[in-house]
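Dear colleague,

I am handing over the structure we spoke about, with its sequence, and my notes on it follow below. Please read them with the model open beside you.

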Amino acid sequence: MLTPTERKAQGEATGADEELRIQHRIADLERRFGAPDDPGNPLGTAALLAADERGELLAEAEEVLTGFRLNAEFVPRERGGRLDRIDTLGRVLRTVFRRDASLGLGYGATTFLAAVAVWAAGTEEQRRRVAELLLNGGRLAIAYHELAHGNDFVRNEFRATPTPDGGFRLDGVKQVINNVVRAEALVLFSRTDEAAGSRSHSVLLVEKDRLPAGRLRYLPRYHTVGVRGCQNAGIEFTDCPVSGDALVGEVGDGVELALRSFQITRSVVPSMILGGGDTALRTAVGFALDRQLYNRSVLEIPHARATLVGAFTDLLICDCLALAATRAVHLLPAETSVYAAAVKYLLPKLLTETTYDLSVVLGANFYVRGGEYGAFQKHVRDLPMISLGHAGTAACQATIIPQLPRLARTAWYGGPPAPDGLFRIRDPLPPLDPARLALVATSDSLACSLVGAAAELAGSGARTGAYRPALTALAGELEAELRALQEECAAMPARDRTVLASPRAYAGADRYALLLAAAACLGVWRQQDRDRHRGTAGRPGPQSAAAGFLAGPGWLTAALARLVKRLGRPLPELPSDGEGHLLDEVLARYHEGRSYDLYDTPLAG
């Protein structure tokens, strides 16, 4: 029988092996794509921009993803795929989104969004068929959207009328569905009961080759400003019979299944799109280094330097919250509903604002659609599109707001802080189990992690050095903001807990998301700092150059300062060398080809 020390060592060894496999997988995908700026690369930036201008996905890139078996990332390991961790899925897809968000959505993420419902509630046969379809290179499309009702999917009118033989008859239209024409099967959110209420809708898995001829038709494609390569179109069913085995879960389970699935998809999609923010920053850094203005490089201009450092800091903030949200799916399923909504709301918003800030650095080159800097404007157009769809900004805020009063009264003070594992960048996780996800959060350990942070930092001594006064003051402001938000939410009028919530309630959801981001940054730094002093920084697996950087107080001070400023609270005096330290990291990662996120991933080229 193993001793506790031996079990711990065995677990760390297993974790190291798992992390090594993940890193090799990402490196393999990077290698297949090659250097983006290589003009001879058929998968390079020039080819992707040309495909975007044509409004299509680059065929050669899709072939590469097929060869890599990207669909295996969406299929659980026990069914022959590679899916076992949501945080890993986000890391792998960043490689694709770093090149082209249209490709990330059109080839990959859309299929995963649809498959989640089947993994969560499908029958054994449905899961087997979907796994077989995906592992053979097929596609799924998810059909929640109806333009007349936007994100209010409970009012959807598309009908699946139950028939006496136990089947259904499909009637109605679904619009703006990505891959609806190319997909072999659809996951349809359908009205199965005319009565109002949460049991009015169900989910069906509809395989096109099992439908009778002439009962469906495709509607014209919708052309969009961003993600122009995505094939968004509509579909219309007319008196189309499907058998009873198309039902996913039970009749009337649609709303609950959607809300449970959203907790997974809302958590992981923002993690994926960080790749686009990475490319936007990398492009701006390259421009600042190469271009001269007033007889000096753009990088020498103070505003440009501050903007690049700010963008890098925002990417780290985003990744900290994405890390906490994706790992919470495994570790804190009773809390994930608010974390998933918060990260899906905040990350696209922050990244969109960050790219617009960076556009000032590029000046007129921001508008260039091709050439050396053409990738920038593409990512500026693509990033806002990620916040649309069935889990858009307003829908995420509407998920958060009704839960705030209860969390304020019962969870934010007196509850346990988040477990260490929530902030471990590379540590293993327990298996994914969608059935454990609660529809409503019953606790909030991430917000609780802010309580006492100021006192902890005040006693940090040499670990934070000259940054200690600023960090202590920033943490104090965050704790004060949490207390103020608690008082406001506890007194929230009943009307503000509904879809008729006031602008003040929506502002409260924004403040809450920013506080969660701050707690996530503190958690990541705390774990890296502890590991450094234990001699295990960045554990497990091969270490990157960023391990020491993340264990230092400089980036944390910058991150908390940006969040405190967004919250409208006073800023303390910050160390004078903080910007220079972060700029050094920005330039080092640029020249060495390393990603601008927590993982510090080596990039092709």
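**Salt bridges and the overall fold**

R94 and D319 are both buried, and in this predicted model they form a salt bridge with each other, the closest N and O atoms being 2.6 Å apart. Since R94 lies in helix α4 (residues 86–99) and D319 in helix α8 (residues 302–331), the pair ties together parts that are 225 residues apart in sequence.

A second pair that you may wish to look at is R463 with D529, whose side chains meet in a salt bridge at 2.7 Å, N to O. Here R463 sits in the loop between α14 (453–458) and α15 (468–490), while D529 belongs to helix α16 (residues 503–534), so this pair ties together parts that are 66 residues apart in sequence. The two partners are covered to unlike degrees, for R463 is partly exposed, with a relative accessible area of 29%, whereas D529 is buried, with a relative accessible area of 1%.

D529 also meets the side chain of R532 in a salt bridge, at 3.4 Å from N to O. Both of these residues lie in helix α16, 3 residues apart, which is about one turn of the helix, and R532 is partly exposed, with a relative accessible area of 35%. Elsewhere, salt bridges that share partners join E125, R128, R129, E132, E207, R210 and D245 into one network. The count of salt bridges comes to 57.

As for the chain itself, its secondary structure comes to 19 helices and 10 strands, and its C-alpha atoms fill a box of roughly 75 × 60 × 60 Å along the principal axes. A compact globule of 605 residues would have a radius of gyration near 25 Å, and the 24 Å of this chain agrees with that. Buried residues make up 59% of the 605 residues.

Two loop residues with acidic side chains deserve a separate word. D444, in the loop between α12 (404–410) and α13 (445–448), is buried, with a relative accessible area of 1%, and its C-alpha lies 5.7 Å from that of A411, although D444 and A411 are 33 residues apart in sequence. E372, in the loop between α9 (336–362) and α10 (374–382), is instead exposed, because its relative accessible area of 59% is over the 50% cut-off. On the surface, E372 gathers with D37, D38 and D290 in a patch of negative charge.

With best regards

Technical notes: Residues are numbered from 1 along each chain as its sequence is written. This is a predicted model: local features need pLDDT of at least 70, side-chain atom pairs count only at pLDDT 80 or more; totals for chains, interfaces and linings use all residues. Side-chain values use heavy atoms; hydrogens and water are left out. Patches are made of residues with over 30% relative accessible area and no salt bridge: like charges are joined within 9 Å, nonpolar side chains (Val, Leu, Ile, Met, Phe, Trp, Tyr) within 5 Å. Accessible areas come from the Shrake-Rupley method with a 1.4 Å probe; for residues, only the protein chains shown count as cover. A salt bridge is a side-chain nitrogen of Lys or Arg within 4 Å of a carboxyl oxygen of Asp or Glu. Lys and Arg count as positive and Asp and Glu as negative; His and the chain ends are not counted. The place of a charge is taken as NZ of Lys, CZ of Arg, CG of Asp or CD of Glu. Helices (H or I, at least four residues) and strands (E, at least two) are DSSP runs, numbered from the N terminus. Buried means under 20% relative accessible area, exposed over 50%, partly exposed in between (1.4 Å probe, protein chains only). The radius of gyration is taken over C-alpha atoms; the globule rule is 2.2 Å times the number of residues to the power 0.38.
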